[in-house]
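Trainee: I have a model open and would like to learn how to read it. Can we go through the features one by one?
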Amino acid sequence: MKQEKAGEYINNERKVNTKRRKYIRNHMHTAEKDGKMTKADEKAWHKECSYGYFWESVPGIGIKTINQLYEQYGSYEKMYRADGEWGLTERKKDAFFLQKAKWNVKEEYNRLLYNKIWCIPMHLCGYPDKLKEIHRPPSALFVKGRLPEGERPAVAVVGARNCSPYGKLMAKELGKILAQNGIQVISGLAIGIDGISQRAAMEHGGASFGIMGCGVDICYPADNRLIYEQLSAGRNRGGIISEFMPGTKPLSGHFPLRNRIISGMADMLVVVEAKERSGTFITVSDALEQGRDVYAVPGRFNDPLSYGCNRLIDQGAFVLYDANRFIEDVFERYTYRKKRKPCTGTEKYLPITGTEKEPVFTVNEMLTNCEYKKECGKDVFGGLEAEILEILDIQYVSVGDILCALEGCSTSEILAALSTLECCGKVESKGSFYRKIT
Amino acid sequence: MVSTILTGAVYGIGGYLITVEVDMAEGLPCIDMVGFLGSEVKESAERVRVAIKNGGYVIPPKRFTINLSPAGIRKGGSAFDLPIAIGILESMGVVKMDKREEMLIAGELGLDGAVRSIRGVLPILLAAKEQGIKVCIIPEANRKEGECVGGIRIIGIKTLKDAVGILMNPVKLQVKPGKTPFQDISPWKGITDFENIIGQPVARRAAEIAAAGFHNLLFTGPPGTGKSMIASAMPGILPPMNEEEMLDTSKVYSVAGMLNEEQYFIARRPFLNPHHTITPQALVGGGGIPRPGVISLANHGILFLDELPEFKRQTLDMLRQPLENGKITIARKSGNYTYPCDFMLVAAMNPCPCGYYPDAMRCNCTDLEVKRYSGRVSGPLLDRIDLSVGVLRNSYEQIKSFRKEESSGEIRGRVMEARKRQRERNGPELFNSRIPVTHLKKFCILKAEAESVAERYYSSMDMSIRGYHRLLRVARTIADLDGAFMIGKKHILEAASYRSAL
């Protein structure tokens, strides 16, 4: 009886292992990128990865130390086997031995793969070339799904979490045109601009990549679970990427760090909406440091959420005023970076889903197409409602201000008119603040 | 010989009569007390013994057995000292009582024989009056409170000797059963006047509607805009209480032991604003023999909860049932106690941790933070709030243009008018906010155009049935303020603008 059970167990294990191997072969494009990797190579690569994963896991040993050691030994495994024979501080040695004692390299790595997470240390093939150029590249990347393809341009889209309807619209359109042109979208999977642009890209068949400030196995923020699941599941959709160990909590200190990966992985950075003081500017300064161009979507001058973008433009950022030009620019940048192959035209970068490039809207067209202005037809409403619509903006306006602007109207009249508008879906309210719906 | 004395006690908010039976017999000298007594009642034997001695009487070395009947209810409080003392004195032959079935005695004794004030005089005397008692001997400190009952002779005494003196001289019992007029203070004295509140037209309007229909009200807004000030001014625009309501509320205060010689009656609508650290028991009432909580003390008045999300969620959710029923039943080992709590809930809160949401210029809170903050107030509680309104920072033009503000008196005038209309339609004591669902069809008649607006609103806003009924009740009040018989389109629309905005 016992034996039977044991046999069953072994059988099951075997099945799982075969499945796992199959999965690895099918999904590991980054490793197979030149298509020449033999089975032996693959095995060696995985072995190195497993030791890379170990080094990642040692607390107190960081990017600098790992790189230093790697230069000395040329392999993660050798570093491990050297058994502390390297000239490092006692504290780091202690940390190493402590971790070595409790970490089973093979088992932990298999568990990682079982959870469909890749660990790609910096010195192995598969690690994005673009990231190697930046200052303090992450010593390893954890990936769920896949990494961005080096053969396609990538654009980072960032912006405010607490964005306006205008920002939402811009992020949506941007995600769409990038997807339609086969450009990969890189962003932070945050609420607001990040999530919206990634979602739009996803909806239009494009690939997008979420760079996390926590472990890749944690969906943060939970609001974006849908995108998170789509990205982490399939090879076509994109991937979830992080430099932090799986299980790392989303601490506030992690987010500025991950910003350098967002800009580092992209050829270009687009800022959609930002307030005067915003985390977005960390990404912008990272991008400039890394030599990436920064584009800004122009905003309205009286809107605090547009302040950041407009100031960027003032300081010399590129202005995203024409979608076609922007797309051209992206490809130009990309080929310039590639250097090897001169740009032969855009045919090479077909959209991922369709065979033909769909027409691309300019930003101006975008505005008219999405019925941004058209909807607010006044003809339907009589006097007071129309007057209120004149006063309202896409920013929240308080009832007090409306009352002030319309002197002579009673409070109850105005409240009734606002209710009418809300009922018809022309305005939305939050407390006693109202704004137009676009 | 057994002597019996009538006295009273409180159960919940009502009083009931208790018979104190004292028997003096031969045996070992001691005082035995029976009848399901709380520890403070058991202690009274010692107080009584010393008080009698210090009154100049000598207790003979006999065995006294004292029974408090009915024996099935647990008795607490210190009101039994005096009747027990009188009972002992009577069995000793010091005093003589005739018409004992028409006399009620209650009071606490000090060791020197002084008679001290007790809790719950009002409900006890109301019960006594119902049972046909003619004369009541109570502590002098409670006399005024007792006189509010009316139609019953009240004699206030200061010492045990006074009591003996009065009982020995029946002429003194013939005081006039006069009735103290209800406290003649202006019910609105010392309350913030609405003319001092600058701007805030929307919040003022909402306060007026809430006062007229006794609707629950929620103010949302940034700090320092006057949420608490408007709330504290609200008692000034509520219609005054009628006698029944006064008596109702005074009873609660009497049971809670919060009446004294200066304030012996509650004549103005209570306004209570407990701090947000309040415990659940203090809010709804509690204790071994439960005392009324803050919500019961706010009966027929306003319960103002400032900084609503700072209250513990558990505490807030306790309000759900009382808000529906207007009373709370507390079950304890000693029995079930029901207290009235028909109050108007006025609450104030900031929309987010920093307080300025959705003003993008000043608010730096993330969506999540805002959600989490407002999420501290449970949905079912918000669902019971009829009017939700934002209190906003005044712009300078507003401060300027609204300089001449309406006073509370003017607003109160309109509120009273609306109250009158409600009384004529709904029956004597039914505020619009308390119209039962069964009567909504009868009382809230919609004009045809209003009907279509309500229908459209109902479907486009994903309202619940309760939300819809609430809309109707608020619209009814607005129509009453407007002097309209039927609810019109504008009333429905205005009511709709006050729905919960969180």
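Mentor: Yes, and we start with one helix. The buried residues of helix 10 (residues 225-233) of chain A are A:Ile227, A:Tyr228, A:Gln230, A:Leu231 and A:Ser232. Keep in mind that this is a predicted model.

Trainee: What do the buried residues of helix 10 of chain A pack against?

Mentor: They pack against strand 2 (140-145), helix 9, strand 5 and strand 6 (238-242) of chain A.

Trainee: What precedes that helix?

Mentor: A loop between strand 5 and helix 10 of chain A, which holds A:Pro221. Look at the peptide bond from A:Tyr220 to A:Pro221: it is cis, with omega near -5 degrees.

Trainee: How should I read a cis bond or a positive phi?

Mentor: As something to check, since most residues other than glycine have a negative phi, and most peptide bonds are trans. Chain B has a cis bond too, joining B:Ser69 and B:Pro70, with omega about 5 degrees. B:Pro70 sits in the loop between strand 4 (63-69) and helix 2 (81-92) of chain B.

Trainee: And which phi values should I look at?

Mentor: Take A:Lys116, not a glycine, with a positive phi of about 60 degrees. It lies in the loop between helix 6 (105-114) and strand 1 of chain A. Then B:Gln200, also not a glycine, with a positive phi of about 50 degrees. B:Gln200 is in the loop between helix 5 (160-168) and helix 6 of chain B.

Trainee: Is B:Gln200 buried or exposed?

Mentor: Count the neighbours. B:Gln200 is buried because 30 other C-beta atoms lie within 10 Å, and the threshold is 20 or more. A:Lys116 has 17 within 10 Å, so it is partly exposed. B:His275 has 11, so it is exposed. That histidine, B:His275, is in the loop between strand 11 (271-272) and helix 9 (280-284) of chain B.

Trainee: Now the sheet in chain A. What is the strand order?

Mentor: The sheet is open, with 9 strands in the order 1-2-6-5-4-3-7-8-9 and mixed pairing. Strand 1 (118-121) and strand 9 (318-319) of chain A stand at the edges, each with a single partner strand, so one side of each has no neighbour in the sheet.

Trainee: How do strand 3 and strand 7 of chain A pair?

Mentor: Strand 3 (residues 154-158) and strand 7 (residues 268-271) of chain A pair in the parallel sense, over 4 bridges. In one of them, A:Val157 has A:Val270 as its bridge partner.

Trainee: Which helices pack on the sheet?

Mentor: Helix 8 (residues 165-180) of chain A is one; it touches strand 3, strand 4 (184-187) and strand 7 of chain A, and its direction makes about 170 degrees with that of strand 3. Helix 9 (residues 193-203) of chain A is another, touching strand 3, strand 4 and strand 5 (208-211) of chain A at about 160 degrees to the direction of strand 4.

Trainee: How do I describe two helices packed together?

Mentor: Two packed helices are described by the angle between their axes and the distance between the axes. The axes of helix 6 and helix 16 (residues 408-426) of chain B come within 8 Å and cross at roughly 40 degrees. The crossing is right-handed. B:Glu208, B:Ala211 and B:Ala212 in helix 6 of chain B meet B:Ile411, B:Arg414, B:Val415, B:Ala418 and B:Arg419 in helix 16 of chain B. By class, that contact has 5 nonpolar, no polar and 3 charged residues.

Trainee: And the contact between the chains?

Mentor: It takes 27 residues from chain A and 29 residues from chain B. On the side of chain A, the largest share, 8 residues, comes from helix 18 of chain A. That side has 13 nonpolar, 11 polar and 3 charged residues.

Trainee: Why is helix 20 of chain B described as largely enclosed?

Mentor: Because 7 of the 8 residues of helix 20 (residues 489-496) of chain B are buried. What covers them includes helix 18 of chain A, together with helix 18 (448-460) and helix 19 (465-482) of chain B.

Methods: Residues numbered from 1 in each chain as written. Chains lettered and ligands numbered in written order. Predicted model: local features only at pLDDT ≥ 70, side-chain atom pairs only at ≥ 80, totals over all residues. Helix = DSSP H or I, 4+ residues; strand = E, 2+ residues; numbered from the N terminus. Buried ≥ 20, exposed ≤ 12 C-beta atoms within 10 Å, placed from the backbone. Pairing = 2+ DSSP bridges. Contact = placed C-beta atoms within 7 Å. Axes fitted to C-alpha atoms, helices over the stretch in contact; angles between N-to-C directions. Nonpolar A, V, L, I, M, F, W, Y, C, P; charged D, E, K, R; others polar. Left-handed = near helix turned anticlockwise from the far one by under 90°.
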